[in-house]
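Here are some notes for a colleague who is opening this structure for the first time. They begin with the whole chain and then turn to one pair of helices.

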Amino acid sequence: MNVYDSARMTDVLRPLGYAPVDAPEAADMVILNTCHIRERAAEKVFSELGRLRKIGEERKAAGLGKTVIAVAGCVAQAEGEEILARAPYVDIVLGPQTYHRLPEMVARAARAGGAVIDTDFPVETKFDFLPNAAAPQTEGNLTAFLTIQEGCDKFCSFCVVPYTRGAETSRSVASVIAEAQRMAASGVREITLLGQNVNAYHGDDGEGGSATLAGLAGNLALIPGLERIRYTTSHPRDVDQSLIDAHRDNAALMPFLHLPVQSGSDKILKAMNRGHTAQEYREVVRRLREARPDLALSSDFIVGHPGETEEDFEATMQLIRDIGFAQAFSFKYSPRPGTPAAGQPFQVDEAVKDERLQKLQALLREQQDAFNADMVGRTLPVLFTGRGRKPGQLSGRSPYLQPVHVEGPDELIGQIAQVAITQRLTNSLAGTLIRERACA
Ligand code: SAH
Ligand code: SF4
């Protein structure tokens, strides 16, 4: 989501004459778009700021004028005052819900001595004030992110999102469709719909009601040129029957789903306030796989949540063995200020967390390797996004987001073609085109 937000900040600053540059040394203004989800991400901000300060001083000494430094995103939201105390050379601090006001902040920062800080949760939604999104700069403009939902009301014990991103809100169907249409017209073939809880989507349908994610995906699938739809991150509690049916009926929905479970222990799931049991997660996965047998899953795991015993950890390992994941992100529990879990007794030792994380990651890596190895001999539809490293080579992505390389003509860039997978390389797959005619 920060990638999407950064692109939209660029859009909002473009009319002022700003354009992106590759390195901070070349920038009149640097915006650090930050993440607060784990301690390490937040700490990085201060070391980056120190580096930017030096660059600013060097630029000033070289007669290049002042470098404006802005801190955006969730660290700014949560620790705005602390940033200004620890790094008083910062000019602008802005939260994730106020970046449509950036032009005004830039003007105020130029006028005023002292920093400009805006970490409101405004009544207005930024999406009504942002200019149209420019064509994405990634993968030859063929794939793009699109935020449809933000914030969270679930208050998991460990998580800062409800405090930094604010209450759960959804963009209207009309606004999402219009943005997706513009993306498709500019060449985008694959869209990833974003939200902290994307399947809690309930955007205004323009007819006095609200749409579901499944309904929205159905509308998006009708947009000419838009071939593939993904969504992330979804919550097991919000997987409703309409979404399961959509995985069966909507061919544009990719059969790869990120569905975080965090833990396989009911006791820990309860302590986490996740609102479901391990069995309920298994059941949701069973129904999804029944609807779409080639569905692959990815997930998030936390080891060492307060109160997690060896037995709880073993329940997580068992859930992983039972379900089988194609990919996963796993983390040591990181206490976040202001969240209920941070103040709980029975915090787990760092060394124990380390040990559990290693075991968990070894198992997940095994499963990921097996999943990728299993692709050899299969035929996959690949969206070609550009040339490969070697001459005559194309690179693309499979439905499961695996990079795929084949020998093929440039005309296939931007198209989907069937590929017979012949080899599994370290981080990608190699194959041969089984027909050069593009197919949907
Ligand atoms: N809304 C999504 C997750 C968003 S945060 C969901 O509910 O599943 C992304 C991931 O970061 C989480 O799934 C979790 O695994 C991890 N995470 C969040 N807070 C954390 C913390 N305090 N310590 C360690 N990992 C954390
Ligand atoms: Fe955080 Fe996700 Fe829980 Fe919301 S549902 S509080 S975003 S982990």
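1. Counting its regular elements, the protein contains 12 helices and 17 strands, and the reader should keep in mind from the start that this is a predicted model.

2. As for overall dimensions, the C-alpha trace of the protein spans about 65 × 60 × 50 Å along its principal axes. The radius of gyration is 23 Å, which agrees with a compact globule, because a globule of 440 residues would be expected to have a value near 22 Å.

3. Turning to burial and surface, buried residues account for 51% of the 440 residues in the protein, where buried means under 20% relative accessible area. The accessible surface of the protein amounts to about 19800 Å², and carbon and sulfur atoms contribute 52% of that surface.

4. On the contacts within the protein, if one takes those with a separation of 6 or more, 71% are made by residues that lie 24 or more positions apart.

5. One helix pair deserves a separate look: helix α11, covering residues 310-323, packs with helix α12, covering residues 350-373, at an angle of about 5 degrees and with their axes 10 Å apart. The two helices are therefore roughly parallel, since angles under 35 degrees count as such.

6. Which residues in α11 and α12 meet? From α11 come Glu310, Phe313, Thr316, Met317, Ile320 and Arg321, and these meet Arg356, Lys359, Leu360, Leu363, Leu364 and Gln367 in α12. Sorted by class, the contact of α11 with α12 comprises six nonpolar, two polar and four charged residues.

Conventions: Residues numbered from 1 in each chain as written. Chains lettered and ligands numbered in written order. Predicted model: local features only at pLDDT ≥ 70, side-chain atom pairs only at ≥ 80, totals over all residues. Heavy atoms only, no water. Axes fitted to C-alpha atoms, helices over the stretch in contact; angles between N-to-C directions. Helix = DSSP H or I, 4+ residues; strand = E, 2+ residues; numbered from the N terminus. Parallel < 35°, antiparallel > 145°, perpendicular 65-115°, else oblique. Contact = heavy atoms within 4.5 Å. Nonpolar A, V, L, I, M, F, W, Y, C, P; charged D, E, K, R; others polar. Rg over C-alpha atoms; globule rule 2.2 N^0.38 Å. Buried < 20%, exposed > 50% of the residue type's maximum accessible area, 1.4 Å probe, protein only. Areas by Shrake-Rupley, 256 points an atom, 1.4 Å probe, with all protein chains shown as cover.
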